[in-house]
Every structure is written in C-alpha cells, then in structure tokens.
Amino acid sequence: MNLAEHLKRSAVLGLGFSMLLSLVLGTWMFRAEENDLRLQQRQRLAVLRANALVLAVADTDAAATRSRVQEMQELNPQIESVIIVAGTQLLASTRAEDGAPRALKREEKPLYDLSNLIRTARETNRGEEVVRKKTVQIEETTRGHLVVTLPYLSGGEYAGILQMKFNTAGADTLGDKADSIALPLWMLLAALLAGTFLRLHPEKKIDLSKLIAIGVFLLIALLYQQQRIERLEQIEVQDNQSVAADYLALAQQYDRLGILSLARDPASVNRWDTDQYQRPLGLIGADGRISTEGQARQFAKRAGLFKPILWAINLLTAAVLLMFIYGYAARGYAAFRKNIDAYIYVAPAMIGMLVLVFFPFAYGIALSFTDTTLYNESLPFQDRLIGFENFRHILGDFNVYQHTPDGISWNYQNFYWTLMVTVMWTVTNVTIGVSVGFLLAMALNTDGLRGKAVYRVLLILPWAIPNYITALVWRGMFHPQFGVINQVLQMFGMEPVAWFDGVFSAFFTGVATNGWLSFPFMMVVILGALQSIPKDMYEAAEVEGASRWQRLRFITLPLLKPTLIPAIVLSVVWTFNMFNIIFLVSGGEPGGANEILVTKAYKIAFENYQYAYAAAYSTVIFMILLVYGFFQTRITKATESF
Amino acid sequence: MAEPKTKNHLWLHVSLITFTMLALYPVFWVLALSFSGQQSVGLIDLPKDPSFFERLRGILPFPAHWSVKNYVEVWTEQQFGRWLWNSVVISAMTTLLGVFLACTAAYAFSRFRFPGRNTGMLMFLVSQMFPGTLMLIPLFIIIVKQLQLGNTYIGLVIVYATTSIPFCVWMLKGYFDTIPYDIEESAIIDGASRLTIFWRIILPLAKPAIAITALFSFMTAWNEFILASVFMESEANYTAPVGLRFFVGGFSSQWGFFAAGSVIVSLPVVALFLQLQKYLISGLTAGSVK
Amino acid sequence: MKQRLKIILATGLLLMAGIFTAAQAADLVVWHAYRGAEKTAFEKVAKLYEIKKGIKVTTLAIPYDAYADKITASVPRGKGPDVFIYAQDRLGGWIESGKTVEPIGFYIDDATMKQFLPGMMDAMTYKGTVYGLPINYKSITLIYNKALVKTPPKTSAELVKLAKSLTNADSGRYGLAYWYTNFYFHAALMNAFGGKVFDKDGKLVLNSPQTIASIKQMMKWYKTDGIMPTEPSETLVSSMFNEGKAAIVFNGPWFIGEISPSVNFGLAVLPTIDEAGGKPMRPWLTIEGAYVSASSGQKESAYDFAKFLTSEEAGLILSLEGRQLHTNSAIYKDKRVMNDVVLKAFHDQLNSAEPMPNRAEMTMVWSPVTTAMNKVVKGNATPEVALKEATGTIQDSITALRKGR
C-alpha cells in the first residue's frame, strides 16, 4: 500500500489535524490565562505596597510624610520611587532631582489629570453608592515595572494621589520556566501513532476504528487540559503564598519602625491586599493566613471564564475529527477542485461581504455576551463578559400585560409586545407594497397604453426624494388640527382623528408612509420581471381560449415567482429593520407602543447607553430573521425549477 | 404583438391618474415648500366654519408666493455642486462595482451546482438581517483604521457596494433562473467559453434585471448620509446628502432649503431612471431569441 | 463607446485623486457643526488666529445629526480633530466613556476663568474637573408678533389675559405657542417652580411636588385657559408664528432665522409665574464649548486656540457676524452688541436661566418624560401618575448603567 493510499484509509490525517488544532488552541488559551495570572500577581504585590504606604502617611503632616516615604523607599529596594501630588503641587518625591515640594511643571499635566480622575472615581463610588470606578490605576511600563497610583488620604479625606514606581522582578513564582512545549508534542505524536494504525471504513456509520479514534482524541485532549488546569491552580496557590509572605515581612517592618500598628488578629480584614477598587480581596487574612474558601472562590471564578472556551474548543476540534473520519473533508476537497469555476465567480462578492459585513457582525455578537455600557467601555473585554445574561433578560421577561381594574393593560416596553408589533408591521407593509406594486406594474404593462413612460417616472418619485423630508411631510399631514388628512375627513363631514394618540392609528401612520415609500420599488421590480415573460406565451394561451384570470394564474404568476420571491424575502428583512419611518413619523408613540425592534435597540444603545444589551437585542432580531430566511428558502427550494 | 381591439384604456387612465396624483401629493408639498422661499411648511388657512371648497383650496399644495430663493441659496451658500459631483462619482462607481460583483456571483448561483451554494445564498440574505445601527463603529475600524480609506471615494464605494450586493445577487439570480438553459447549451456545443456566454448571451438577456439592480445600487449610495459624514474628513469630499443635512437637525431646521436641496438631489435619480427605462422596456425578451 | 470609455477613464482618475488627496498638511484641525453666518464668522476667527499665531487652522463643518457619532467613532480610536465644538449635553457621556475629551483644568488660568458670564463654566465642569471652554449659549425667551401684541406680558396673569384675547381656536389662532410637550421647553416652567432632574450627587429627583406643579401649570394654559394649540412641534410653532396664528412663542435664537420677513417681531424676558410665588421662568441654557480632543497630538496649541475662541476679540466677531451669544462678559459692554435687539434680549434672559445638566444620564430622561407629558396632555394620566411612571423607567435605566463591578 503506498503512502497516499494509506493516508486516505487511516485515521492519521483526521487525528493529526484535530489533535493539532485542539492542542494549539488549548495551549494558546492557557498561555493567555497564565500570562494574565502573572500580571495580576505583579499588580497585587504592587498594590499591597502602595496601600500600605498610603495608610502609613495618612495621618501625618507634610514634612513627616516626606521623610516617611523616603525611609520606606530606602528600606525597600523594590520601590523605585514614590511621589505625592496634591492639586497642582508636587508634595513629596523620593527622587532628589524632583526638588519637592514645588508646583507641577507644564509637562506634568498627566499627573494633575490622574489626580482628578482618581478623586472623581472615589466621589462617584461614594455618591452613587455603587462601586464602579477604579480608584487604583496601574500601568506596566515594561515587564515587571509597574506604576501604581492611588488616593492619598489625609485625616480620612482625599488629599491627592500617591504614585509609586515598583519593580516586581523575580516576583513570578513559577519564574519563566513556562510550560514546556514537550508535553503537547508528545501528545500529538501519540495521536499520530494511534491514527496510523487505525484503518477507517468511511462508508460504515459506526465501526470500532472510528470509536477508538474518537476515544483516543478525547482522552488525549482532556488529559492535556486537566494537566493545564492543575498547573493554573498551582500557580494561584503559590501566588497567594508569596503575597502572604510579602505581607508578613512588610508588616514586621512597619512594626519595627513603629509607623503603623496593624491589627493582625485573624478576625479583621486585610486592608493591604485589595483589588483596584480598594476592596479587600479576602484571600489573605490580617494575620497573613491564606483563606482556603477565598482561594476556592478565586479559582471557581477563573474557571467560569475559561471552561466555556474549553468546551467550544473541544466541540470544534471533535467536529473536525468527525469530518475527517467520515470522509467529508476528502469529499469536500474533491468538490472544491471540481467546482473551482463557480467559486471563482462567487469569491469577489463573498470576500467583500466577509470583510465588511461579517466582521461588524461578529463584533456585535461578541458585544452581546458582555455587559458593556457607556460607563465600562474601557474595561478589558474579559472583565465585561457575562455570558447569556442579556438574552435571558430579554427573552425571559414575560411581563407582557397586567390585569388592572380597567381591564388588561399592555406593557409596551416588553420584548414580546415589540416583537408582535414588528411582525404586524412587516406583514402589513410587505402585503401593501407587493399588492400595490403588482397592480401598478400590471397596469403599466398593458399593451398600447399611452403615456406609460410618464407614469413610470412619476410613480418612482416617492422613492427618489430623500425619505427624511417626505417622512416630515407625512408627519405634518397627520397633524390633528392642521394636517391635510383630517381636513379631508372634515370635508366629507367626518370627525377629525387624533392620529398619534391611539395605538392603532399611530401604527397606521407608519404603515401609510412606508407603503407610500415602498410601492415604487416593488413596482419597478415586478415591471422588470413582467418584461422577461415571453409575449408569445400569452398569445398561445389566448388562442387556446384561456381567460384573463387563467392567463394571470397560470402564466404570469408562476413566471414572476423566481423574481418575486427574492424581492419579498428581502423586503421582509428590510421592513423588519425599517428604522427611519418609525423613528421619524410616529417616533414609537404613544408611549413606545409602536416601537419596532430596531428602533428599540437604537434607543437602548443611544439613549440608555447599554451597548451590550442593544447588541443582544440586535442579535435576537438577527436570529428571528435567520429562522425566517431559513424556512423561506427551504420552501422556495422545493418549488425551484431548473 | 398586434392588439386585436385597440382600446383607449379610459378607465385605466382615470384610475392611474388618480393614483398618481395621490401618490405625488407629498411630493407636491416638498415642491411647494422648496418654491415658497420660506423655511416652514405653510399651514392651512381656514375661515370659521369653512365650506367644502374653502377646505379644498386650503389643502392644495401651492405656496403663497413663488420664489427660487431657496434654490439659489442652497446652490451658492455651500459647495453644493462639488458635493453633487462627488455623489455622482461615488454612486456611479458603486453601481459599477456592485452590479459587476453581483452579476458574477448570481451567475454562479444560477448556473452551477456546487456544495455551499445554498449556504452562500443564505449568507447574502443573512447579511441584511443584522440591524445597521450598531455597525458604524466596526465599519469605522475596518475602513478608516485598518484600510486607511478614510476621506476617500473608494472607502465609501466599497461599503456601499457591499451593502447593495446581497439584493443584487438575489434579484439577478432570480432573473437568470428564468433564462432557459438550452440557449447556453447550444452555445457550449458551438464551442463558446463560459465567459463569452456570460458576456454575450446572459447579460444582454438580463438587461431589465441589471437595470433594476443598477438603479438600486445607485440609490443605496445616493441617499446615504451618516457613513459619508463620518468617513470624510474634508468638506470638499462630502456627498450631496451630507450637504443636505446641514439644513436640518440640531436646534434650527431650514426645511425650505432642505426641500430645495432634496428636489435638486432627486433630479439625477429621475434622469437615471429615464435612461434605464429603455432597458426596462426593450430588454430582449426570452421569446425573441428562442 | 468612445464616450463611455472617457467616462470610465475619468472615474478612474478621480478615484486615484481621492486616494492620494488624503493629505495631513494642517496644523490644527477643528470640528464644528455650523453653517451660514455662524460658519463664516467662525472661519474668520480661525483665520485671524492663523495670522496672529502663525499656526494654520483647518475647520471642518459636520452636519449636526452625524456630529456625535463622528466624534464617538473617531476620537477614541486615535483619529479626529484637535479641537471640537459641541454643546454640554454630550459632555458627561464622552467623559464617562473615556479617551475623548481632554481635561484642561491644568491649563486654565484665573483671568480666563473670570472672563465668562455667570454659570458658563458650570456647564463645562464635570464632577469637579474642567473639560472645556464655553463659547456661546442658547436659551429660549419670549418672542412676540408686534402686530398682535403691544406690550409683552411680564407675569403669567398678564400672559393668560392677553393670550385669551388673541385666541380663536376655530380659525386656528392662539395667543401662545411653544413646544410645551418637549421637556427642554418645559424646563423653563419646571425651574420656575424649583423642580430639578438630578441633585448634586447625581440622584434622580425628578418626581417632586415642584415638577408636578409645573406640569399642572402647563395643563392650565393648555386645557383650562385654552391658549395653546394641540400637538405642538418645532415646525408647527414656526409655521403658526410666521402666518400670524400665534401671537407669542417661547423659542430660542435659532428661531430668529426662521421668522418670515413679513413678521415684525419683538423679544422680551419670559414672564414670572404667579402660581410659583412670582418666580421667573428659568429656561435651560445650552452652552457650546470648545474641547481639546484626547487624541490630539498638540494639546497645548489646541487649548490655546480654544482660549482664543473665548476672547473678547473673537467674541465680537462671533456675536456680531455669527449672531451667536458669546460667553465673554466683556462683549456685552460693547455698544454694537447692546444695540442689537436680539443679542440684548437673550442676554437679558440670562439673568434667569440655568445650565442644562451635563450628566450622561440626561439622555435617558428625555424620552420617558416626553411620554409622560404626552399622556398628561392627552388626558390619559394625571401628572402625578405619569411622572411617577417616567421616574421609574429612568431610574431603571440609570441603575442598569451604574452597575457595580
């Protein structure tokens, strides 16, 4: 058996590819996690020192503060420098060349701004009674060199900022003996070996070799991941130990100097080891003992983030394996070679779409799994991840109506109400657009009709004029007192209608405007389609005595179908997302009852600044339309002729 | 085709004229406002207990005084001519690019059977489904930050063309499907290449469809305003819709200027449609080449 | 065919031109949303600065409807202008989202701080930090048709009496017209009664007896006195005023350009409200500021230009030629300004006016309050119920936004 044949028949390609993919993705993810842990550790050590320093100078006068800061810096070589800024003054600095105290220089504006930023953060957290702004700013200039800035307090009140440059070199507990590449390589080799000896039968649904291949794959993948997870846990434990040691050493130093008497009884909280909001982490007690529950909590939180990613990786790579061992990959490749022409024709359009449509798309969907708002936009992505929370909130809220003494009162803010309005809006508009367009196209396609060209041009005008102004005119036409429509009603002795007051009448204003805007498009499309129907078919039918109705039913409609269906599908999608008309004409009045899903999403994003929630709304809209599109194309495919 | 009985279509004309008048009523308002020389929509002025005819006169859209002041102002105050020209270039390029890309893709979807065909069609449809309101920032990242195409025609053209492609592909595929396959088969037997068939047979036959998709692509680019104002960094590169929006929004809205500008902006579309009409009518029907 | 080829060639050339003209020769880029006289005056000031300091200033006008989007999309991504001009209503949002507006408190000196009219700097200050320099302000005031009104009313009693005599609902004539369902316009009444949207810590305090009283006052004018038209809007108010169907309107400086030349109009300070103990109506001030962009590479010169915009010299050009109400108090000592009826009238109104809040949460207020006001006006709810409901909605949005980490 030659090599090519062997590759085809054995599981080596499948196992090799899927294993490689699984290991690469897994290693990449764990590397990122590990780096993140290391960074956190460095930050934690720096914050610990900085917090301690701030507490040490909290109740001293300016001169004492200066000398104390100087003293601490000299005792701890890891602290490279410390400055304290109050307002526009550089209050203290451990570097002699700074010449503190003095006023800030022009180029030191960032310090002044930082001081304001931290003051505002502190005030905001207190004023709003919600902790949402970081009071500790950390910047890592180069690896291991951190700049920590935090509030400098005097008598419990904010007095400025303390900025500490800190060198954490050698703080990494596992050092740089980062996970070696050897383990994954051995695992890959094992998978390849196993694959070589497995003979596949792609035609069989299930056979032993397939099961073994899947088993081997899962075994190796899960073993590897388990090993990595344990390593992460180990790092966290060691990190905690090193922070605890550091804490105790520092505390002893403070005791010795008599700077600060620390309450080190086990019951009190460790106020040095905090997060960037200056909340105690609860991992190390005031007595320096490591809290096991805290550690478990810490790890569960991290696992909550990476477990779903691991699942996704496993699913994806398992799918790759299945594709190979069931021969889809080979067949797909053959089909690609065979149809290369078709792919070349489609490629330019497809590439454009991928870049410009599917990237924004992915961006939106990724956003929908976070809790991004205006206020936390600048936080790192993983800090904002919340999973399916937004979707649960949108779809799980069934508070559509309430029973009140006056009967049922609808909750217009509810998703399902808006969905219902949107569906009604779409169905009504598309029906109107298609039927008016069809009637006009039929009329304009009448043979021997004079002035066709004039009608055609006049009737596309509603489409040609920017809809922003026509929407305004329509809005004006519906004005209860000065609007044309009510004038006409009164002309015929009817009562004027307050159009924007009622749910149905306001709905009607939108439908009327949109119908008016959309019929020209449908008319033009249908007209074009009618032109492509051979005239002799009608002649033949007429000769055979077919009635007008029969000709319409058996010739026109079936031949319009290939162009009409896509036009309808597209206009359903567009109308579903028709933002302008609702927004400009009724504005969703009364009380948001006539809001459709897109206008709602817009308001959530740009009025309420809940970007992620709006993205989730958009994703839901997308899913609804996707399901529609899927079924619609299924149905049409059944009737499609070639 | 000879119509056996020459009708005068009286009733058809009556109903068409009525419908056209009704459909054009808002357009008349825009025209009236643009020629009024004023900035606000005129109100209906009625005496106490108005009669039927007084009401009728009230609702007829005629300005009290005719004036071309709004037009003059719109044209001279800003570089409106330049912006109109930018719009023409951008829309024309969008149309060319969009229709070209759509034709090739639609041809493949209609004439080849290949794996991923249905998925591909669905993908194009799917792209229309994500609401556009949240797309601005990702598009900015791609076009301006990554591709460095801010302040250029080409940046806008690419975006507009991809926006219009899905529609064009779907429509054209539908039309291509109606063109009988035997025409091509005989050409293949005659030794014509795929490209020749596409260029010489399919495209001429699909003229009505191409005319419609061209009009659509053109309109997509022609009326867009937000991306054009965000991507362009100098006033000389603005498009006409951007120029129009200066008159409204914010605190003050000069609707008279806006109306006059809208009328000017609509004229090229009407002209284009007049041009494309002849393809709509004389597009060779499948019957004549049988 | 030849012609077509030409067109294609020309298109191609233009395309190339489009690619290569994206040059960055300018020294200072300034974005604004002006057109007409405001734009001309602004460009003149920029030119003047260029001559004085030798720094080239390029201005770019952007349509208002795209302005905020353009800032939000470009500045945090390192693009955009050095200085941009916008009203204070967006300021809080931009500051909260970060990387957009540069704090300038460090640059600002006492002399600059002192040159402004009272209240102006408040609008540019967010949580104690200064982010911009105020350039001009807008507020509504009383505008009347001189053919119908001899002396403008000073108190609400006078207003109602006068307006009643000028109202004839059957022929569509009203004594008073303003966009009373719009919260921005209504705020003048609310402030007269002492109602507020936020307290100083940013807590929502909209649902207060004062605000309710102000809505009742508005309803009295609309329902009991019947001196205002139904379903008001900006276009309706301007149409009515231009056709002599509204004798008095409450509107801002932007409205002046929309008044038809055939209407002889006068301006006066908004009346005092007897029902609010004789307190004056206090409209909200929208104050446009010049902000230094956080992405600017030359923040000091950017600040210097912003400072120049607030100077007396620039102020005179901006107010006399651009018809803006400049923030520099020195220009109101100039005869040309004080002899200008419009400028003087709006300056007079400034004595009873207050800056609109610049908090990000303000955008969440408009739509629920508008809904509430519409409900009240249409008789679907009492002011108490409607306002309670609106406050609930707003509070929910605010809570969702201010989520703890």
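Me: What share of the contacts in chain A with a separation of 6 or more comes from residues 24 or more positions apart?
Reply: This is a predicted model: local features need pLDDT of at least 70, side-chain atom pairs count only at pLDDT 80 or more, and totals for chains, interfaces and linings use all residues. Residues are numbered from 1 along each chain as written, with chains lettered from A and ligands numbered from 1 in written order. A contact puts two C-beta atoms, placed from the backbone, within 7 Å. For pairs 24 or more positions apart in chain A, the share is 62%.

Me: What is the radius of gyration of chain A?
Reply: The radius is taken over C-alpha atoms, and the globule rule is 2.2 Å times the number of residues to the power 0.38. For a compact globule of 642 residues that gives near 26 Å. The C-alpha box of chain A is roughly 115 × 85 × 55 Å along the principal axes. The radius of gyration of chain A is 35 Å.

Me: How far apart are the centres of domain 1 and domain 3 of chain A?
Reply: Domain bounds come from an automatic or database domain assignment. Domain 1 of chain A covers 3-38 + 175-338, and domain 3 covers 409-609. Taken over C-alpha atoms, their centres are separated by 55 Å.

Me: Which helix gives the largest share of the side of chain A that touches chain C?
Reply: The contact takes 35 residues from chain A and 34 residues from chain C. Helices are DSSP runs (H or I, at least four residues), numbered from the N terminus. The largest share on the chain A side is 9 residues, from residues 109-127 of chain A, helix α4.

Technical notes:
Helix = DSSP H or I, 4+ residues; strand = E, 2+ residues; numbered from the N terminus.
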